[in-house]
Structures are given as C-alpha cells and as structure tokens.
Amino acid sequence: MSVNIGVSKTFEFGDGKEITLETGKLAKQADGSVVLKMGKTMILATVVSAQEAKEGVDFLPLSVDYQEKFASVGRIPGGFLKREARLSDYEILISRLVDRALRPLFPEDYHADTQVALSLISSDENILPDALVGFAASAALLMTDIPFLGPISEVRVGRIDGQFVLNPYKDQLEHCDIDIIVAGTANDINMVEGECNEISETEFVDALKFAHEAIKKQCQAQLELAEAAFGGRKPAREYNHEPKDEEMEKRMYAAMFDKVYAEVKTGKKKHERKEVFGAILEEYLSQFSEEEVAEMNSFLIKKYFGNIQYDAMRRMVLDEGQRLDGRKLDEVRPIWSEVDYLPAAHGSSVFTRGETQSLTSVTLGSKMDEQMLDSPMNTGYNKFILHYNFPAFSTGEVRPNRGPGRREIGHGNLAMRGLRKMLPSREENPYTIRVVSDILESNGSSSMATVCAGSLALMDAGIKMKKAVSGIAMGLITDTDGKNYKILSDILGDEDHLGDMDFKVVGTEAGIVACQMDIKINGLNWNVVVEALQQARGGRLHILGEMNKTLDAPRADYKDHAPRIETLVVEPEFIGAIIGPGGKVIQGIQKDTGTTITIEEREGKGHVEIAATNGEAMRKAVGIIKGIVAVPEVGEVYEGKVKSVVDFGAFVEFLPGKEGLLHISEISWKRIDKMEGVLEVGEEIKVKLIEVDKRTGKFRLSRKALLPRPERKENDQAKPSPEGQA
C-alpha cells in the first residue's frame, strides 16, 4: 500500500499548544517513520523490526535510542571529534522513558529484534522534548505492520499555583511543585516518572488523572493519522517466534506444579529456593534417558518450568495471601543501618533491608568539582551528583564490569531526584556533593535502599537536609479479570519479576518527593493506585522510623577532614580587583593560603567561594579578600605593611591594593629628622586612616595617633611660645 507524501495531522492541546504528526516524507525505508512538530521542535521517530526472531531468544530484544543533534539548537559539539558521541546519561534516561512505556504493549511471544530510533532534529529550547518522544515513537509504530497493542502516548504534568499544566515550558518548571511524566494507552496508564514537593497521595492521583485525559486525545490523533495515511492501521504481520508443545507443557505441569507450589510456601531465601527448584527439574528429567533428554526442546523445558514457578508463586499470593519469604502483604523486611562506617569519607552509611544492602559514601567538593553538562537541551553545571553501582557479586553472579548500564543510570537518577528535593538551599550549602551507592547485596528495591542510605550518609556528612528521605517499592499481583488482586510492600526481586507492577515511591514524613512506576497489565483501575499509595505511605513512615533510630538529624558540623567552604558576596565592581591583572591577585592569594578560590557573578552580585582544608587557611584567605573589597573609612585602624620608605615618610599598604602616606611627622610624637633606621620595607605596623583627599583620593595615615601622647613637663608649659615673644 503506497503512502501519500506528507500526510499530516494537527491537533491542539493544553492552553492552545499545537502538535503536528507527519508521515511519508522522511526515512521511508524504515518500517515506519513519523516527524512530530511542536513550535520549532521536531522529532524524527523511526522503527525497524526484523522479520524473524533469532534462535533461542525468549524475550523481546527491543532497543530504544534517543539522540539530540547539536544542529537542532545551532551549536557545534565540543571535544576533539566535533561530532555527536555516545548517548549521554540524559539521553539514556529519555530512552528509558520510551522503552518502559512501549515494552508492555508488544505480544509476549514476539521476539524479533526491534529498534526505535528517536532524533531531535530541530529544537525550541523552551519546549522539552522528553514529554514528546514517546508520542512520536508510538505514532511511528502505528505506521507499521509490527504487532503492537498501542497506541500509547506520554505527557508531562506540572502544577503552578495549584493549577495543573500540561507539558509546561522549560521556563515554567522552576515554578512547578509537581513535575512528572506519565505514559499510557487510551484505557490505562503504564509508566510514571518524576518528582514533587512533598505532595499528598490524593494530589498525586489527581495529577495522573489529569495526564490520562490528554493521553486519550493523543492516542486518538495517532489513529487518525493512520486513517489518513493508510485508510486505517495495517494488519499485523504473521510471525511464529516460539515453538509450542502443549502435551509436553501439560506433562510438566502435572509432574511438578504441586512440588513447586509446596516449595514456594516454605519461605526460603532466594538462593536456597533456586537450588530446590533446580533439584525439582533435575528429578523430573531423571526419568528420561540421556538420549530422550537430548532430543527434548531445551527452550521449551526452560520456558514451561519458568511458567510453573510463575503460576505457583502468583497463586500462592492470590489464593492464600502469603509471600515468598513468609511476610504479610504490607510488611517491610527487617532493617539495620549504620553511619560513619567509612572513616576517610566525608559521610557514609550502610543500609540493609532484608537481602538488599547499600554502602553509600558522600564526598564534598568545591565549585571546581561541579559536573559540566553539555548537550543540546541540557547545558550548565550540576552541584549534586549521585552514582549507583550494581556489581555482579551483589546477586552472586559472575559478570565483567563494563561500566554502568542503562538500569544503573535510571536507578541512580530516581534516587538523585528524591534526595535532591531535601537538600538545603545553595546559600546554606556551598558544596558540590557526590553520593555513591554501591549495592553489595540485592534482592529487590536496591534503588530504594540507595535513597535511604543516601539520606543517612548526607546527614552523617553534616549536610543540613530539610528532612530525612526514605523509599519503598510496591508490587501488585492480579487475577486475569483484575478483580482479585494483592498489593505487596517492599517487594523482592522475584516479586518484581513475577508481578504486574513495580511502583517506587520516595518521600518524607510530609509527602511524596519522587516516584517511578511501571505497570505490565491492562485494566488497572484508580482504586488500586490509591490503595497502593496509601500502603506505600505506611511502609515509608515505618522505614523512616527505623532510620531515625540510627541518625535522626544532620550532624552539627562537618567531619574534621572535610573541606571547609565559605562564600563571600561582594559588589560586582570588586571582582576585577580580586582577580587582578592576568589573575595575579587571586593566584597569589591561593598560593599564599593554600586555598582554592572561584568567582561567579549571579543575581547582580559577585559570589566568591573559598575552599580550604583547615580553618587557619580559611581565615587568612577571607581576611585578604575582605580587605580587597573593604571601603576605607576615616578613623578606622588597619594592620599595614610598609611598601616603600622615602625621605618624607613611608608608603604603607593598609588594605590589599590600597596604599597611603605615613608622613614622617605622623610616625611618632617625638620629632624625627630623617627616616633612616625608623621603618623597614616589609615591616608590619598598625596605622589609622586620618584623611582621604577629596580631590585626589589619596590616603593619609598616622601611627602616632595610636600611641599614647607624652605628658608635657611643667617648664614646657610655662615657656612662652615664639608668637608670644613676638
């Protein structure tokens, strides 16, 4: 079926904003392509899927890659190569948003390699593309014959002065107390990610409902585009990616389901349970000869035995309300924590919940340690950095360390957003902060363990957190009709894998500050969301209570070995004086004091940040800079240094860069006829500023004004003055 060139669909949404979807003009050799336009922003979305699955693949190999072109904002990339490089963390996070929204909408038995490529090809810097790429990706999928149960769409919800705003502009975000991206179909939501200012559970649900109304309209627009382009959606391609053997499946279920069901009720730990499951399968296969086992389809053995475990665990939860480790549905695993575990770190903690453990450190740095951000839509500097590491040994596996993957970047970002909300203001916290969470054990909810460990470590470092922060991961298991469901608090890794929802909620005692939700089913109703949020609140408060037993407030001071940072706010005209010609003055201060000094101008003032390793160095540097910016006042006393000696006195530097004349008559009450041997260059003396010449601005200093005036002798008092004699 041919496509008409340039078929498009334009619709309005949210305060008169317009979006146009266009297909049939660009990238026509892809299975499907769409250009989404909003203002000057243009996103090219393309989709390609292989016709056949690779042998032995039992999952959907979906890759979603979002990349921003520097040409879209009229910039040339930095660096030596001057071209777009590997995806930045920012681009990976946006790619994950789309992946998580699309993945549940493919059939479970579709296993062909599928790639969604998204490119920002033109940009209006005030329009945020992360809330539009999911929309574009779904529209591109609808232009193909790839089996896809969409459409879906994504929107951002902000709230300004109590009013929800759909896809707020970039300059509006700083005024929003809610910033979440929501994805879903016309019937359900299936992905949520964002942050808030301690909002209530009711407010959170209201934001989701507001988002879903817009999602419905955007899904309809995609269907109308398909109608205009093809007369309706293309029939889905035929595929056969999974072998089937119904008789074999029945035999395996009959032989092993009851044994697996009995085992999942024992409450064993993850590795013990895995060993027993392996023994059950081995016992089943032992009834066959080696030749018969070799002839069996190993793919189907693995698949059907996995299905047996899946069904047994879900039935146990739904029918008996019992969990894998024997806990109640709303029960949180045992918690223990410790702070100041790493003596050389500026702050540290260990947080353990069940079989999940995070060792977290905090390092404090100066402005020189800020992270530079350089991408088309994300430039500037970042003072708060959180890195999440998930080594293979945390799950007892062997795997080479190849750096953080997309999962690590996503989990770290969620924890960072939750903790960032409770950091003190820039004025209260001069530090650049790096938090590193190393997951040492993992059996579910490791990102939430990072939140808890990070909160404790920050307070241990002396960072004046507004409030302590904790996080909890909620799960859901539902029956086929959705009427029988169970909500699980603090889920295990297996409960995440086998369940229908992973809902991470981060917050304080007052409300929600960050969230991440992925839902794998259709038909989720709002009552379930409300119930899950209320149950999450109870768990979150319980965890905060356990954390408070270890440390319930920030340390009164930073660690002795932590750097000291002080910020001086000066008038902008003094910035040049502090820096000096060619940086001579500021470099000299740093060399003499051993400090690091940075200056930036913001809000019409100069902000001078001084970082020192000890108090004496800090006091010395602060004194010098205060001297540079000080305005000399007549009558004030200063510590001065003799810079030069002349016949009629000496020139004394009484403030950095400011010299005055100490006349020979102002050195002492005694008459001094010549300067030889009176003062030496480099000598430090106290002087008083006695006059500023209004015409020349020159300073007159006095030393004798600070010395006690000698008493006059009686004979001196009786002696007539020369004027009297005359």
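What follows is a friendly exchange between a trainee and a mentor about this predicted model.

Trainee: Let's start with the sheet that holds β1. In what order do its six strands lie?

Mentor: It is an open sheet with mixed pairing. The edge strands are β1 and β5 (62-68), each of which pairs on one side only. Neighbouring strands are turned by 15 degrees against each other on average, direction ignored. Read across, the order is β1-β2-β3-β4-β6-β5.

Trainee: How many bridges join β1 to β2, and how many join β2 to β3?

Mentor: Both pairs run antiparallel. Between β1 (residues 7-13) and β2, F13 stands opposite K17, while T20 of β2 has K37 of β3 as its bridge partner. The count is seven bridges for β1 with β2, and three for β2 with β3.

Trainee: And in β4, which residue is the bridge partner of L36?

Mentor: Strand β4 (residues 41-49) pairs with β3 in the antiparallel sense, over seven bridges. Within that pairing, the partner of L36 is I43.

Trainee: Which strands of the sheet does helix α1 touch, and what angle does its direction make with that of β5?

Mentor: Helix α1 covers residues 89-102 and packs on the sheet. The strands in contact with α1 are β5 and β6 (114-122). With the direction of β5, that of α1 makes about 140 degrees.

Trainee: Turning to cysteines, why is C176 not bonded to C196?

Mentor: A search of the whole structure finds zero disulfides. C452 is in none either, with the nearest cysteine sulfur, that of C515, 16 Å away. For C176, the closest cysteine sulfur is in C196, and it is too far for a bond because the separation is 11 Å.

Trainee: Is C452 buried or exposed?

Mentor: The cut-off for buried is under 20% relative accessible area. C452 has 0% relative accessibility, so this residue counts as buried.

Trainee: How many residues of helix α8 are buried?

Mentor: Helix α8 (residues 406-420) has 15 residues and reaches 21 Å from its first C-alpha to its last, close to the 21 Å expected. The helix is mostly covered, and its buried residues include H411, N413 and R417. The number buried is 12 of its 15.

Trainee: Now for charged pairs. Which residue meets R327 in a salt bridge, and how far apart are they in the chain?

Mentor: Side chains of opposite charge can pair when their charged atoms come close. Here the N to O distance is 3.5 Å, and R327 counts as buried at 6% relative accessibility. R327 sits in the loop between α7 and β11 (335-339), and its partner in the loop between β19 (485-489) and α10 (493-498). The partner is D490, and the two are 163 residues apart.

Trainee: With which residues does K559 form a salt bridge?

Mentor: K559 lies in the loop between α11 (526-550) and β22 (564-570), and is buried with a relative accessible area of 15%. One partner is partly exposed at 39%, while the other is in helix α9 (residues 446-460) and counts as buried at 0%. In each pair the closest N and O atoms are 3.0 Å apart. The partners are D340 and D460.

Trainee: Finally, which residues does Q309 touch?

Mentor: Q309 has its place in helix α7 (residues 298-320) and is buried at 18% relative accessible area. Not counting residues up to four places away in sequence, the contacts of Q309 are V260 and F277.

Note on methods
Residues are numbered from 1 along each chain as its sequence is written. This is a predicted model: local features need pLDDT of at least 70, side-chain atom pairs count only at pLDDT 80 or more; totals for chains, interfaces and linings use all residues. Side-chain values use heavy atoms; hydrogens and water are left out. Helices (H or I, at least four residues) and strands (E, at least two) are DSSP runs, numbered from the N terminus. Buried means under 20% relative accessible area, exposed over 50%, partly exposed in between (1.4 Å probe, protein chains only). Contact means heavy atoms within 4.5 Å. Two strands pair if DSSP finds at least two bridges between them. Axes are lines fitted to C-alpha atoms, for helices over the stretch in contact, and angles run from 0 to 180 degrees between N-to-C directions. A disulfide is a pair of cysteine sulfur atoms within 2.5 Å. The expected span of a helix is 1.5 Å times one less than its number of residues. A salt bridge is a side-chain nitrogen of Lys or Arg within 4 Å of a carboxyl oxygen of Asp or Glu.
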